[in-house]
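Visitor: I have never looked at this structure before, and I would like to learn how to read it one feature at a time. Could you guide me through it?

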Amino acid sequence: MSKSSSTDLKPSISTSYFLDCNSVTQIIHFKDGIKRTFSGILPDSIKQGQYTKMSTIDGRMLIINDSNVLCIEVFPEEGE
């Protein structure tokens, strides 16, 4: 049985701009045309894999199945 590995966000993006923010807003575009906006995401908490996991400033954890996502828009929160 092999050990499961989780990919950290830091080496998977080309810029560290959003990692310097306290929190970000993400608009996730799903394959079926639905868009969902999530605010207050902590960039340091994002862990990528088949299911991307992230935490918010109010303590929620989001788990997104990557195979259903077309793209993700990321914006720094106001006051950053």
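Guide: What follows is a conversation that takes up the overall make-up, the core, two hairpins and a few side chains in turn. Please keep in mind from the start that this is a predicted model.

Visitor: Where should I begin, and how many helices and strands does the protein have?

Guide: A sensible start is the list of elements, and here the secondary structure comes to 0 helices and 7 strands, so that reading from the N terminus gives β-β-β-β-β-β-β. Of the 80 residues, 30% count as buried, and the accessible surface comes to about 5700 Å², with 51% of that surface belonging to carbon and sulfur atoms.

Visitor: Which residues make up the largest nonpolar core?

Guide: The general idea is that nonpolar side chains in soluble globular proteins tend to be buried together. In this model the largest nonpolar core has 11 residues, namely Cys-21, Val-24, Ile-28, Phe-30, Phe-38, Ile-41, Ile-46, Met-54, Leu-62, Ile-64 and Val-69. The elements giving two or more residues to this core are strand S2 (24–30), strand S3 (35–41) and strand S6 (61–65), and S2 gives the most, with 3 residues. To look at one member of the core, Phe-30 touches Arg-36, Ile-64, Asn-68, Val-69 and Leu-70, when residues up to four places away in sequence are not counted.

Visitor: How do S2 and S3 pair, and what lies between them?

Guide: S2 and S3 pair in the antiparallel sense over 5 bridges, and within that pairing the bridge partner of Ile-28 is Arg-36 in S3. The two strands form a hairpin with 4 residues between them, and Gly-33 in the turn has a positive phi of about 95 degrees.

Visitor: Which residue takes a positive phi in the hairpin of S5 and S6?

Guide: In that hairpin, which has 5 residues between the strands, Gly-59 takes a positive phi near 95 degrees. S5 and S6 pair in the antiparallel sense over 5 bridges, with Met-54 standing opposite Leu-62 in S6.

Visitor: Is Lys-53 buried, partly exposed or exposed?

Guide: As a general idea, the side chains of a regular strand alternate between the two faces of the sheet. Lys-53 is found in strand S5 (residues 51–55), and Lys-53 counts as partly exposed because its relative accessibility is 39%, whereas buried would require a value under 20%. Leaving aside neighbours within four places in sequence, Lys-53 is in contact with Ser-45, Ile-46, Lys-47, Leu-62 and Ile-63.

Visitor: Which side chains meet in a salt bridge?

Guide: The general idea is that side chains of opposite charge can pair when their charged atoms come close. A search of the whole structure finds 1 salt bridge, in which the side chains of Asp-58 and Arg-60 meet at 3.1 Å, N to O. Asp-58 counts as exposed, at 53% relative accessibility, while Arg-60 counts as partly exposed, at 40%.

Visitor: How many disulfides does a search of the whole structure find?

Guide: The search finds 0 disulfides. As for the cysteines one might inspect, Cys-21 counts as buried because its relative accessibility is 11%, whereas Cys-71 is partly exposed, with a relative accessible area of 38%.

Technical notes
Residues are numbered from 1 along each chain as its sequence is written. This is a predicted model: local features need pLDDT of at least 70, side-chain atom pairs count only at pLDDT 80 or more; totals for chains, interfaces and linings use all residues. Side-chain values use heavy atoms; hydrogens and water are left out. Buried means under 20% relative accessible area, exposed over 50%, partly exposed in between (1.4 Å probe, protein chains only). Accessible areas come from the Shrake-Rupley method with a 1.4 Å probe; for residues, only the protein chains shown count as cover. A nonpolar core is a set of buried Ala, Val, Leu, Ile, Met, Phe, Trp, Tyr and Cys residues joined through side-chain atoms within 4.5 Å. Contact means heavy atoms within 4.5 Å. Two strands pair if DSSP finds at least two bridges between them. A disulfide is a pair of cysteine sulfur atoms within 2.5 Å. A salt bridge is a side-chain nitrogen of Lys or Arg within 4 Å of a carboxyl oxygen of Asp or Glu.
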